[in-house]
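Hi everyone, thanks for making time. Have the sequence and the model open in front of you, and let's walk through the fold together.

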Amino acid sequence: MRISHDVHVHTNLSSCSRDPEQTPTNILQKAADLGLRTVGFTDHLWVSDLPGASNWYRPQDENHVLQIRSQLPAEQHSVRVLIGCESEFTGTACGIDAARAEYFDFVLLPCTHFNLLNFVRPEHIVTASEQGALLLERLDQVLDYDFVTGIAHPFVAAHQGHIHDEMCRFLLQSDQLSRCLDKAAEKRISLEITKGYFPQLFGKEDAQFHDESVMPILEKARRAGCLFHFASDAHELRDFGTVLQMQPLADQLCLREEDIHPLFRDPAA
Ligand SMILES: [Zn+2]
Ligand SMILES: [Zn+2]
């Protein structure tokens, strides 16, 4: 398969995007220039009347995130636009529910924002094996939500690069990983292949975080029959389009168009 979609893209509507150029108009122009056929916008979301939001999430409610519809340019250059969101799961609270998932073309749910201390990750969970165990517990839980289209960056914990290689080894040794992959495959919930898995591909040296570490996990997921989607998780315009640099990894994994979530497949393929 040829990578032709990026369905994890933030815009200015996300509080953590600080690039004034990160607008739907600029993103769709760049998508057309690069030959991308499908773009999915996924700003951070916590629905206003669902309990448990942090102060950071609270202003990023459905009214805020859905402003994107009025920001879409008339000229979309034949790029297919999907309006999604990246909500949140804390282990006890979820930022979206089935009724509100209907507002969106698709829903990404993350389970690994482990930088959000005492919100997503309890502070006593520290080591690679502790965080790996938490990841598997949370992955299993987010796969219970039937309205979820895909899991955002399931196999990397945010800002925990110093334990990444070790955590991947932990995951691969766990029976729980196989159970989660079987569950994702059965429920046809897509697993994200994100730029964030591959620091070396994007020019960053890291002694504890190697591009190769996640590959056996992704291979195992493919063998389990999982669906996938590709993602830049771009917050800045210069990061949008980097999804195409992952093509050699897609080839290495022998991914076929059928391995991509049906919603995100190339309509022309
Ligand atoms: Zn995320
Ligand atoms: Zn994101």
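I'll start with the overall picture, then go to the sheet, and finish with two helices.

First, some housekeeping. This is a predicted model, where local features need pLDDT of at least 70 and side-chain atom pairs count only at pLDDT 80 or more, while totals for chains, interfaces and linings use all residues. Residues are numbered from 1 along each chain as its sequence is written, and chains are lettered from A and ligands numbered from 1 in the order in which they are written.

Now the whole chain. The secondary structure comes to 9 helices and 7 strands; these are DSSP runs numbered from the N terminus, H or I of at least four residues for helices and E of at least two for strands. The C-alpha trace spans about 50 × 40 × 35 Å along its principal axes. The radius of gyration is 17 Å, which agrees with the value near 18 Å for a compact globule of 269 residues. That radius is taken over C-alpha atoms, and the globule rule is 2.2 Å times the number of residues to the power 0.38.

How much of the chain counts as buried? The figure is 44% of the 269 residues. Buried here is 20 or more other C-beta atoms within 10 Å of a residue's own, exposed is 12 or fewer, and partly exposed is in between, with C-beta atoms placed from the backbone. As for contacts with a separation of 6 or more, 77% of them come from residues 24 or more positions apart. A contact has the two C-beta atoms, placed from the backbone, within 7 Å.

On to the sheet. There is an open sheet of 7 strands, in the order 1-2-3-4-5-6-7, with parallel pairing; to pair, two strands need at least two DSSP bridges between them. Strand 1 and strand 7 (228-231) are at the edges with a single partner strand each, so one side of each has no neighbour in the sheet. From one strand to the next, the twist averages 30°.

Let's step along part of that sheet. Strand 4 (106-110) and strand 5 (150-152) pair over 3 bridges, with L108 opposite G150. Strand 5 joins strand 6 by 2 bridges, and there I151 stands opposite L191. Then 4 bridges join strand 6 to strand 7, including the one between E192 and H229.

Strand 6 (190-194) deserves a pause. Its residues are buried, 5 of the 5, so the strand is largely enclosed by the rest of the structure. S190, E192 and T194 lie on one side, and L191 and I193 on the other. Strand 6, helix 8 (215-223) and strand 7 make a right-handed β-α-β unit: with the strands pointing away from you, the path from the first strand over the helix to the second runs clockwise.

Now helix 1 (24-34). Its buried residues are P24, I27, L28 and A31. Seen down the axis they fall within an arc of 95°, so they line one face of the helix; the arc is that of the directions from the helix axis to the C-beta atoms. Their cover includes strand 1 (5-9), strand 2 (38-44), helix 3 (68-71) and strand 3 (80-86). After helix 1 comes G35, with a positive phi near 85°.

Last stop: E130, in helix 5 (128-142). Is E130 buried or partly exposed? With 16 C-beta neighbours inside 10 Å, E130 counts as partly exposed.

Conventions: Axes fitted to C-alpha atoms, helices over the stretch in contact; angles between N-to-C directions.
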